[in-house]
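Please look at the sequence and the model together, and follow the chain from its beginning to its end. The paragraphs below move from the overall make-up to confidence, then to surface, and last to particular side chains.

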Amino acid sequence: MPQAQKHDSEFLQAALIGLQHMLGALEQRIGDLRSHLGGQPAPGKAAPAAPESGAKQRTMSASARKRIALAQKKRWAAYNAAKAKPAAAKPVAAKPPKRVLSKEGRARIVAATKKRWAAFHKAQKAPKPVAKKAARKAPAASPAAPPAVAAAAAPAAE
């Protein structure tokens, strides 16, 4: 039963959210109709609150905006000029000419490379020496073991 109550409360919360959404949409439509009829706008949301002091919102004149814009452009021009001076002041070292490999030098490099590869391939083809295994000693015959068993074990170990 507790599980059914949990589902019921979730269902009711979802229904409440949906109805609140519908209520907001209806209030919006009512406000639109009132504004078309020339009546007062919907209370609360539609009318912005007027400042209590009654002071008008300050506006800037066109000449003031122009003066501020020119001053800002002047500041940016000074900033960019100062930024560009250090870059221009540094002497840029001329790049040395690109070196060119002579035909003789290239031929020597090619010959050395071929010689190294030939040595490598020769080493690959050469048979590798087999390492000799250390001679194993035959296990010592135990005093309790019969001599026939110890003699049979010795030739098999080699």
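In this predicted model, the secondary structure of the protein chain amounts to four helices and zero strands. Read from the N terminus on, the order of the elements is accordingly written α-α-α-α.

Before going into detail, it helps to ask how the confidence is spread over the chain. The mean pLDDT of the protein chain is 78, and 64% of its residues reach 70 or more. Confidence is highest in H3, at a mean of 96, whereas helix H4, which covers residues 147-157, has the lowest, at 53.

The next topic is the surface. Of the 158 residues in the protein chain, 3% count as buried. The accessible surface of the protein chain comes to about 16,000 Å², and 64% of that area belongs to carbon and sulfur atoms.

How many aromatic pairs does the structure hold? There are two of them. In one pair, the rings of Trp76 and Tyr79 have centres 5.5 Å apart, and because their planes stand at 90°, which is over the 60 degrees required, the pair counts as edge-to-face. Both residues belong to helix H2, which spans residues 62-89, and because they are three residues apart there, about one helical turn separates Trp76 from Tyr79. Are these two residues buried, exposed or partly exposed? Trp76 has a relative accessible area of 48% and is therefore partly exposed, and Tyr79, with a relative accessible area of 45%, is also partly exposed, since this class lies between the limits of 20% and 50%.

The other pair is formed by Trp117 and Phe120, whose ring centres lie 5.5 Å apart and whose planes are at 90°, so this pair is edge-to-face as well. Where do these two residues sit along the chain? Trp117 and Phe120 lie in helix H3, made up of residues 103-125, and their spacing of three residues means that about one helical turn separates them. Phe120 has a relative accessibility of 41%, so Phe120 counts as partly exposed.

Note on methods
Residues are numbered from 1 along each chain as its sequence is written. This is a predicted model: local features need pLDDT of at least 70, side-chain atom pairs count only at pLDDT 80 or more; totals for chains, interfaces and linings use all residues. Side-chain values use heavy atoms; hydrogens and water are left out. Rings of Phe, Tyr and Trp (its six-membered ring) pair if their centres lie within 6.5 Å; planes under 30 degrees apart count as stacked, over 60 as edge-to-face and the rest as tilted. Buried means under 20% relative accessible area, exposed over 50%, partly exposed in between (1.4 Å probe, protein chains only). Accessible areas come from the Shrake-Rupley method with a 1.4 Å probe; for residues, only the protein chains shown count as cover. pLDDT is the predictor's confidence in each residue, from 0 to 100.
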